[in-house]
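Colleague: Please take a close look at the aromatic pairs and at the nonpolar surroundings in which their rings sit. A connected account would be preferred.

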Amino acid sequence: ILMNSHFRSFTSRHLPDNECIMKLQQLKMGGFADLFNGTVFGGKQAVRPDDLDQLKGESSVILLDKDKKSISSGRYRDITMRWNAGADLAVLAVESQDKIHYAMPVRNMVYDSFSYAEQVRRIGRLRRNRQENQKISKEEFLSGFHKDDRILPVITLIFYYDVKEWNGAQDLYGMMQMPGNWKIPISSGPI
């Protein structure tokens, strides 16, 4: 098991392909909570299967190019759940990999970013649909997101099941060439 705060990979080196596929199906059928409890929460039973709601795996973002034309891009996750224990707590996702993907930290960051953008868009859409008559600031109008709005954390686990041991980067730092021992905060979006 490879673990760090930005990338979590589970290596099933001794399982044949058909058994790995069966394991992924079990994740969809109920082992999803166990996977997160065992890896993210150190065995503590924080996530209960009854607290999970399946989400659509597709996220997209629409951008404007320099000519103000829309450019759309989307990503599809293997398994995505909303963790809701009386209140929404997080978006939990699993990506399955049967081969090493040497740019996986970037791919994971893109998936997570699309999930965050989808949440912001959904909140803005809900506000517009309710046609709230409250006064909003210019900044809130510009961003489509109010100062007191909040999004859910997105936690993505990588389920890697090839017989070859993972030898790729486990975070963005592992993919970068930086002078000396620089460790600039790059992954959590500080501004």
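Modeller: Four aromatic pairs are present in this predicted model. In one of them, Phe41 and Trp83, the ring centres lie 5.5 Å apart and the planes meet at 65°; because an angle over 60 degrees counts as edge-to-face, the pair is assigned to that class. Phe41 belongs to the loop between α1 (17-39) and β3 (52-54), whereas Trp83 belongs to strand β6 (residues 79-84), so that the pair links distant parts of the chain, 42 residues apart. The two partners differ in exposure: Phe41 is partly exposed, at 26% relative accessibility, while Trp83 is buried, at 10%.

A second pair joins Tyr160 and Trp166, with ring centres 5.0 Å apart and planes at 85°, and is therefore also edge-to-face. Here Tyr160 has 0% relative accessibility and counts as buried, and Trp166, at 5%, counts as buried as well.

Trp83 also has a place in the largest nonpolar core, which has 16 residues; Phe32, Phe36, Val47, Leu52, Trp83, Leu92 and Val94 are the members that touch the most others. At least two residues of this core come from each of α1, β6, β7 (88-97) and β8 (154-160), and α1 makes the greatest contribution, with four. Beyond its neighbours within four places in sequence, Val47 contacts both rings of the first pair, Phe41 and Trp83, together with Ala33, Phe36, Asn37, Leu52 and Leu92. Another core, of five residues, lies apart from the largest one and includes Ile100, Met104, Ile158 and Tyr160. In soluble globular proteins, nonpolar side chains tend to be buried together.

Conventions: Residues are numbered from 1 along each chain as its sequence is written. This is a predicted model: local features need pLDDT of at least 70, side-chain atom pairs count only at pLDDT 80 or more; totals for chains, interfaces and linings use all residues. Side-chain values use heavy atoms; hydrogens and water are left out. Rings of Phe, Tyr and Trp (its six-membered ring) pair if their centres lie within 6.5 Å; planes under 30 degrees apart count as stacked, over 60 as edge-to-face and the rest as tilted. Buried means under 20% relative accessible area, exposed over 50%, partly exposed in between (1.4 Å probe, protein chains only). A nonpolar core is a set of buried Ala, Val, Leu, Ile, Met, Phe, Trp, Tyr and Cys residues joined through side-chain atoms within 4.5 Å. Contact means heavy atoms within 4.5 Å.
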